[in-house]
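Okay, thanks for making time this morning. I'll walk you through a few local features of this one, mostly helix packing, then a pocket and some backbone oddities.

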Amino acid sequence: MNLHEYQAKQLLLDFNLPILNGKVYINNLENIEEDLKKIKGPPWVVKSQIHAGGRGAGHFLKSVNNKGGVQIAKDIDKAISLSHSMLSNTIITKQTGPKGKKVNRVFIEESCNIKKEFYLSLIIDRDSSQLMLMISPEGGVDIEEVAEKHPEKIHTFLFSNLDQIFLDEKLHKKLEINLSQFQELQLIVKKLVLAFKSLDASTIEINPLVINDKGNFVLLDAKMIIDDNALFRHPEIINLRDISEENPLELQASENGMNYVKLNGSIGCMVNGAGLAMATMDMIKLFGHEPANFLDLGGTANKERAIQGFKIIQSDLSVKSVLINIFGGIIQCDMIANGIVDAIKELNFKLPLVVRFQGTNASQGRDIINKFSGNIISIDDFTDAAKKVSELAK
Ligand code: GDP
Ligand code: MN
């Protein structure tokens with residue numbers, strides 16, 4: 001689950017990390033004038049809250065002043081007018097895609113005089129199964145760009161024991177900070193690791209982490225992703241979910257226990273299991289086509305879920321044909337076949353469908369499909385099925 005910057009900062013404050021005081025406004029700017037008197041300033045920084053980065057360098061659909069989603073306000077009037085113009089506006093950044101994202105929340109924070117900007121992130125390194133710290137003196141910019149142009153400026157560390165976080169002393173030279181700042185950084189990393197572990201995060205990214213005019217570190221931006229599978233342990237974090245940031249079809253799928261991912265092609269894929277989804281998409285690409293989406297019905301799919309799945313695929317207007325690829329393990333192919341037939345009738349589903357069943361009750365499933373006189377065919381062989389659905393998408 002993705003968090004907004006202000007939410008991540010709120011959580012990190014509990015770990016005594018150096019974060020500036022601020023206030024969020026959701027959909028309206030009630031009391032902004034009184035609030036501003038309580039936040040140190042002017043100046044203040046007005047920050048659009050969306051689930052995407054690159055806000056600083058982004059631009060608004062209805063132009064504010066061509067200065068992007070993070071702006072400094074020198075007085076109360078400017079802070080209020082900036083907030084007004086950002087709220088409900090659409091911001092387009094490198095990470096939002098050309099359609100941009102609507103800004104429903106604005107965060108106003110005390111400002112900071114930046115002397116130096118760093119990039120810092122914690123992620124799980126899947127090769128070593130360890131927590132990895134990445135830190136770079138090239139902060140505040142796209143880390144992908146740094147990785148491409150100056151890979152030597154990104155320093156990585158793996159932590160095998162989260163209770164013993166020590167950074168290599170040589171790092172202070174590489175980052176061009178003095179020894180007391182190095183100690184301060186070490187403490188920040190320790191606290192961030194503790195936060196990562198206790199909040200079940202999968203990513204924490206601080207870009208930029210800055211040194212202010214007093215020579216101290218401050219976390220100016222925060223991106224945090226929480227592991228969905230651990231959310232049951234964090235009811236306070238579940239409440240932070242902002243469903244307006246999520247793709248409505250992906251949301252509908254997850255509410256029904258399925259996993260839906262929107263893609264850019266024209267073939268809808270309904271499968272059970274993520275591995276089978278990957279194999280199905282590979283096969284479609286092999287025939288020169290692109291999947292429009294994949295919908296994973298899950299290992300315990302039933303008839304109701306198949307109907308829900310059809311509803312989701314039907315709402316995706318880029319779908320031209322659909323491949324249903326089911327491996328019957330625990331689930332029975334004939335039960336899914338009945339679900340498919342019911343769904344086609346109930347939803348008056350018109351798109352061409354190719355079904356491939358293998359495993360438990362596959363032949364009974366095929367019989368049900370073959371007897372039904374809709375725009376649907378059953379093909380046993382995976383390659384043939386993928387080939388057929390690609391032809392039908394043309
Ligand atoms: P992002 O562009 O979505 O990553 O948003 P950030 O929160 O990182 O803000 C973008 C940039 O705005 C940062 O890299 C900083 O350089 C700048 N910025 C943010 N807050 C302040 C502030 O308080 N003072 C100053 N001078 N610059 C700031
Ligand atoms: Mn940033």
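So, let's start with H11 and H12: H11 passes H12 in a right-handed crossing. One thing to keep in mind while you look: this is a predicted model.

H11 covers residues 333–347 and H12 covers 362–371, and the two pack at an angle of about 20°, with axes 7 Å apart. Angles under 35 degrees count as roughly parallel, so H11 and H12 are roughly parallel to each other.

Who's touching whom there? On the H11 side you've got Cys333, Asp334, Ala337, Asn338, Ile340 and Val341, and they meet Ala362, Gln364, Gly365, Ile368 and Ile369 of H12. Sorted by class, that contact comes out as 7 nonpolar, 3 polar and 1 charged residues.

Now follow H11 to its other partner here, H10, which is residues 303–315. What's the angle between H10 and H11? About 45°, with the axes 8 Å apart. H10 and H11 are therefore oblique to each other. The crossing of H10 past H11 is right-handed.

As for the residues, H10 brings in Lys303, Ala306, Ile307, Phe310, Lys311 and Gln314. They meet a list from H11 that includes Met335, Asn338, Gly339, Ile340 and Asp342, and also Ala343, Ile344, Glu346 and Leu347. The class count for the H10 and H11 contact is 8 nonpolar, 3 polar and 4 charged. If you're colouring residues, note that Asn338 and Ile340 of H11 appear in the contact with H12, and Asn338 and Ile340 turn up in the contact with H10 too.

H10 also packs with H8, residues 248–255, at an angle of about 175° and with the axes 10 Å apart. That makes H8 roughly antiparallel to H10. In that contact, Leu249, Gln252 and Ala253 from H8 meet Gln308, Lys311, Ile312 and Ser315 from H10. By class we have 3 nonpolar, 3 polar and 1 charged. And Lys311 of H10, which meets H8 here, is also among the H10 residues in the contact with H11.

Right, on to empty space. The second largest pocket has a volume of about 250 Å³. Which residues are closest to its centre? Of the 13 that line the pocket, those are Lys40, Glu110, Ser111, Cys112 and Asn113. The lining as a whole divides into 5 nonpolar, 4 polar and 4 charged residues.

Last stop, the backbone. There's a cis peptide bond from Gly41 to Pro42, with omega near 0°. Where does Pro42 sit? In the loop between helix H2, residues 32–38, and strand S2, residues 44–49. Another cis bond joins Asn207 and Pro208, where omega is about 10°. Pro208, though, is placed in a strand, S11, which runs over residues 201–212.

One more for the Ramachandran fans: Asn31 isn't a glycine, but its phi is positive, near 65°. Asn31 lies in the loop between strand S1, residues 22–26, and H2.

That's my tour, so let's open it up for discussion.

Note on methods
Residues are numbered from 1 along each chain as its sequence is written. Chains are lettered from A and ligands numbered from 1 in the order in which they are written. This is a predicted model: local features need pLDDT of at least 70, side-chain atom pairs count only at pLDDT 80 or more; totals for chains, interfaces and linings use all residues. Side-chain values use heavy atoms; hydrogens and water are left out. Axes are lines fitted to C-alpha atoms, for helices over the stretch in contact, and angles run from 0 to 180 degrees between N-to-C directions. Helices (H or I, at least four residues) and strands (E, at least two) are DSSP runs, numbered from the N terminus. Angles under 35 degrees count as roughly parallel, over 145 as roughly antiparallel, 65 to 115 as roughly perpendicular and the rest as oblique. A crossing is left-handed if the near helix is turned anticlockwise from the far one by less than a right angle, and right-handed if clockwise. Contact means heavy atoms within 4.5 Å. Ala, Val, Leu, Ile, Met, Phe, Trp, Tyr, Cys and Pro count as nonpolar, Asp, Glu, Lys and Arg as charged, and the others, Gly among them, as polar. On a 1 Å grid over the protein atoms alone, a cavity is a set of points where a 1.4 Å probe fits but cannot get out, and a pocket is an open set with protein on both sides within 12 Å along at least five of seven lines; lining residues have an atom within 4 Å of a point. Grid points are joined across faces, edges and corners, and a volume is the space filled by probe spheres set on the points.
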